[in-house]
Structures are given as structure tokens and as C-alpha cells.
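User: Could you take a close look at one part of this model for me? I'd like to see how a single strand sits among its neighbours, and what packs around it.

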Amino acid sequence: MSSSPTANDKKRRRRSDYPFSLSYRTRWSDNDQYAHVNNAVYYQLFDALVNTYLIQHCGLAPTRPDSDADGDQIGLVVSSFCEFFAPLAFPDVLDLGLRVTHLGKSSVTYEVGVFKSTVAGDAESEDTPAAVGGYTHVFVDKRLRTSVTMNARTRVGLEKLVTASGAHSKL
């Protein structure tokens with residue numbers, strides 16, 4: 001049985017460890033009173049990145065209420081985490097990388113790497129993460145809220161994000 005990665009393991013992540021990525025331009029309102037991106041903003045970024053992937057690659061259709069693409073299931077967040085290694089602040093541009101570290105029958109654990117990006121005139125993009133976080137979705141019946149096996153289209157899309165250190169399990 002493998003142990004969970006340590007903070008040092010996560011700090012050694014590189015952009016290439018994440019098969020899917022998006023850029024995000026920080027906003028003035030992302031900063032807190034300490035002049036850096038507030039911790040709650042990171043969780044909003046994780047949610048936006050994961051849901052963008054689910055919409056583009058797994059058939060999630062939250063803006064089409066007449067669509068049955070999702071079937072009768074939804075993903076609920078049951079746990080989340082974030083470890084911070086370097087401060088970020090407005091007007092930084094961020095690169096968000098996504099991978100799957102655990103893919104079970106009814107659950108998936110996502111990991112997000114947050115990297116400072118290149119802005120015209122700045123030095124090279126940083127290849128070490130400023131933060132690594134993520135969360136676990138458990139797929140449940142929309143009405144009953146009981147655990148169900150994730151649908152095939154979702155599974156196929158998520159399998160593309162499973163990394164060498166990611167694992168499949170029975171859960």
C-alpha cells in the first residue's frame with residue numbers, strides 16, 4: 001500500500017506532471033489584507049479547473065438543464081486539501097495543472113498544481129508550484145444522495161488524467 005505524498009513530494013511537482021492545464025489572471029479582489037491571494041480563492045480555482053475539465057472532456061452539462069448527459073448522478077466534494085509553498089498576488093498570471101491521483105468506481109481524487117506564469121517582460125515561468133491542492137468527488141444519485149458507480153463517459157475522461165503515481169481502486 002502506498003502512502004500519501006508528503007509536502008516535500010508535492011513541492012517537487014512540475015508542470016509536466018499535470019496532463020491538463022488552464023491559465024488564470026488574478027484579480028485585485030483575489031488579494032487579502034496581507035497582499036497575497038486569499039486561501040479561499042485557491043479552492044475556487046480548483047473548482048473551476050475541475051469543472052472545466054468535466055464539461056469539456058467528460059460530458060458534464062450543468063448549463064443545459066434539458067440535457068441528460070450527466071445521467072442521474074452528481075459529484076459531491078467529500079474532502080479537500082491545499083498546501084502553500086510560495087505567495088501569489090495580483091497581478092500574477094497563474095497556470096493551473098490538473099491530474100487524477102485516485103480513480104475508484106464511485107470516487108475520484110483530483111490534484112491541482114498552481115504555478116506562476118510568464119507575463120510579457122517577466123522572467124521565465126516557474127516550474128515549481130506555489131501551491132498544490134485538490135479534492136475528492138464521490139458520485140451520488142442526484143435525488144437519493146447515495147453513492148453510485150460513475151458513468152462510463154466520466155470514467156473515460158478521467159482516465160486520461162490518471163498519472164503514473166495515480167491509482168485505481170475498488171471505491
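Analyst: Strand β4 is mostly covered, with nine of its 10 residues buried; buried here means under 20% relative accessible area, exposed over 50%, and partly exposed in between, using a 1.4 Å probe and protein chains only. Strands (E, at least two residues) and helices (H or I, at least four) are DSSP runs, numbered from the N terminus. Please keep in mind that this is a predicted model, where local features need pLDDT of at least 70 and side-chain atom pairs count only at pLDDT 80 or more, while totals for chains, interfaces and linings use all residues. Residues are numbered from 1 along each chain as its sequence is written, and side-chain values use heavy atoms, leaving out hydrogens and water.

Now to the partners of the strand. β4 pairs with β3 in the antiparallel sense over nine bridges, where pairing requires that DSSP finds at least two bridges between two strands. Three residues lie between β3 and β4 in their hairpin, and V112 in β4 is the bridge partner of L98. β4 also pairs with β5, again antiparallel, over eight bridges; there, Y110 has Y135 in β5 as its bridge partner.

V112 also leads us to the helix. Its C-alpha atom is separated by 9.7 Å from that of Y42, although the two residues are 70 apart along the chain. Y42 belongs to helix α2, residues 39-57, and counts as buried because its relative accessibility is 3%. Beyond residues up to four places away in sequence, Y42 touches V37, C82, F84, A86, L88, V114 and A131, a contact being heavy atoms within 4.5 Å.

The rest of α2 is worth a look too. Its buried residues are V41, Y42, L45, F46, L49, V50, Y53 and L54, and what covers them includes β4 (107-116), along with β1 (20-25), β2 (73-84), β3 (93-103), β5 (131-141) and α3 (152-159). The helix has 19 residues and reaches 28 Å from first to last C-alpha, close to the 27 Å expected; that expected span is 1.5 Å times one less than the number of residues. At the N-terminal end of α2, N38 acts as a cap, with a side-chain oxygen 2.9 Å from the backbone nitrogen of A40. After the helix comes G59, which has a positive phi near 85°.

Notes. A polar contact is a pair of N or O atoms within 3.5 Å; within protein, one must be able to donate a hydrogen and the other to accept it, and residues adjacent in sequence count only if both atoms are side-chain atoms.
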